[in-house]
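Thank you all for coming; I would like to walk through one chain with you this morning, starting with its sheet and moving on to its cores and a few backbone details. Please keep the picture in view while I talk.

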Amino acid sequence: MPEEVPIDRRALRAWFDTPLGRSLQVHELHRLRSALPTLYGTLAVQLGRLGPLDLLEACVVPTRILVGETVDEAGASLLARPDEIPLATGSVDLLLLPHTLDYCEDPHGVLREVNRVLSPEGHVIVLGFNPWSWWGLRRLFTRRPRPVPWCGQFLPLTRIKDWLRLLDFDLAQGGMMFYRPPMRRESFMDRLRFLDKAGDRWWPMTAAVYLLVARKRVVGMTPLRPAWKLVSAKGRAAPEAATRAALWRTRPRRGRAVG
């Protein structure tokens, strides 16, 4: 269980509305605009909304639902814990987790619930903070109790991949984003824009955020041949001959005509 829970959701949403938080979400929205149009279905669900931006803006799925944890989450259609989604098993085609695993008590339990509600071949998109980044170092050296957003768990990408594989997911695509360190002053942040252009090429694993798309695997069934098909022709011959002989003995004989 993580060290610092429960999370102040209102304070977390307020941080994502700061210049640094908005800049981060703009990068996330840009990456989602390239991933979402390739994912199809009838129902898309987003677990939690941290910032003011609509992250499902580029989604082509016709029906979208936002599941919030508190009543003051704007646009929430349902209120529920992320590990207790009030939807039928196999009813969701696309699930978006915007830092949901970073700020929940049981991230593996959330993924199990995601696996339950996803339809066969459905997709899950995970956005998470990278602990091996400037942001991870900032969290590491922040005095406890850590304020938002540093109170999150910042789960490693390798761990998320391992959990998804254990739940029979196939990794479809992924990417890293936002290579600037967490500075409050917008003027300094603007001067470091060049880091985002060079980061993917020179130091991809130091990005602040990772995006991972995984597809729910459909476990195939091996058809079993009926037992009678497994009997050899030689083994069938004797019973069939005996059956024909028995039928011939019990068959009534016709009388001969008298001339």
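Before the pairing itself, a word on terms: two strands pair here if DSSP finds at least two bridges between them, and helices (H or I, at least four residues) and strands (E, at least two) are DSSP runs, numbered from the N terminus. On that basis β1 and β2 pair in the parallel sense over five bridges, and within this pairing L43 has T63 of β2 as its bridge partner.

I should say early that this is a predicted model, in which local features need pLDDT of at least 70 and side-chain atom pairs count only at pLDDT 80 or more, while totals for chains, interfaces and linings use all residues. Residues are numbered from 1 along each chain as its sequence is written, and side-chain values use heavy atoms, with hydrogens and water left out.

Overall, the chain has eight helices and seven strands. Of its 259 residues, 45% count as buried, where buried means under 20% relative accessible area, exposed over 50%, and partly exposed in between, with a 1.4 Å probe and protein chains only. Taking a contact as heavy atoms within 4.5 Å, and looking at contacts between residues at least 6 apart in sequence, 73% join residues at least 24 apart.

Now to the sheet. How are the seven strands ordered in it? The order is β3-β2-β1-β4-β5-β7-β6, in an open sheet with mixed pairing. The edges are taken by β3, at residues 78-79, and by β6, each with a single partner strand, so one side of each is left without a neighbour in the sheet. At the β3 end, β2 and β3 pair in the parallel sense over two bridges, with V67 standing opposite L78 of β3. Elsewhere in the sheet, β5 and β7 run antiparallel and are joined by seven bridges, and there V124 stands opposite A214 in β7.

Two helices deserve mention alongside the sheet. Helix α2, residues 19-35, packs on the sheet and touches β4, β5, β6 and β7, and its direction makes about 140° with that of β6; the axes are lines fitted to C-alpha atoms, for helices over the stretch in contact, and angles run from 0 to 180 degrees between N-to-C directions. Helix α5 lies across β5, β6 and β7, and runs at about 10° to β7.

That brings us to the interior. By a nonpolar core I mean a set of buried Ala, Val, Leu, Ile, Met, Phe, Trp, Tyr and Cys residues joined through side-chain atoms within 4.5 Å. The largest such core has 34 residues, and those with the most contacts inside it are V45, L47, L95, L97, V124 and I160. Among the elements that give two or more residues to this core are β1, β4, α3, β5 and α5. Apart from it lies another core, of 33 residues, including W15, L29, V61 and V213. As for L97, leaving out residues up to four places away in sequence, its neighbours by contact are L47, V110, L111, V114, V124, I125, V126 and L127.

A charged residue is worth a pause. Is R139, in helix α4, buried or exposed? R139 is buried, with a relative accessible area of 17%, and its side chain reaches the backbone oxygen of G152 at 2.7 Å. With residues up to four places away in sequence set aside, R139 touches R146, W150, G152, Q153 and F154.

On cysteines, a search of the whole structure finds zero disulfides, a disulfide being a pair of cysteine sulfur atoms within 2.5 Å. C59 counts as buried at 4% relative accessibility, and C104, in the loop between β4 and α3, is buried too, at 8%.

Finally, the backbone. Most residues other than glycine have a negative phi, and most peptide bonds are trans. Against that background, a cis peptide bond joins R144 and P145, with omega about -5°, and another joins V148 and P149, with omega about 0°; P145 lies in the loop between α4 and α5, as does P149. Positive phi values occur at E121 of strand β5, near 70°, and at D168, about 65°, in the loop between α5 and β6. E121 is partly exposed at 41% relative accessible area, and D168 is also partly exposed, at 33%.

Key:
Polar contact = N/O pair within 3.5 Å; in protein donor to acceptor, adjacent residues only side chain to side chain.
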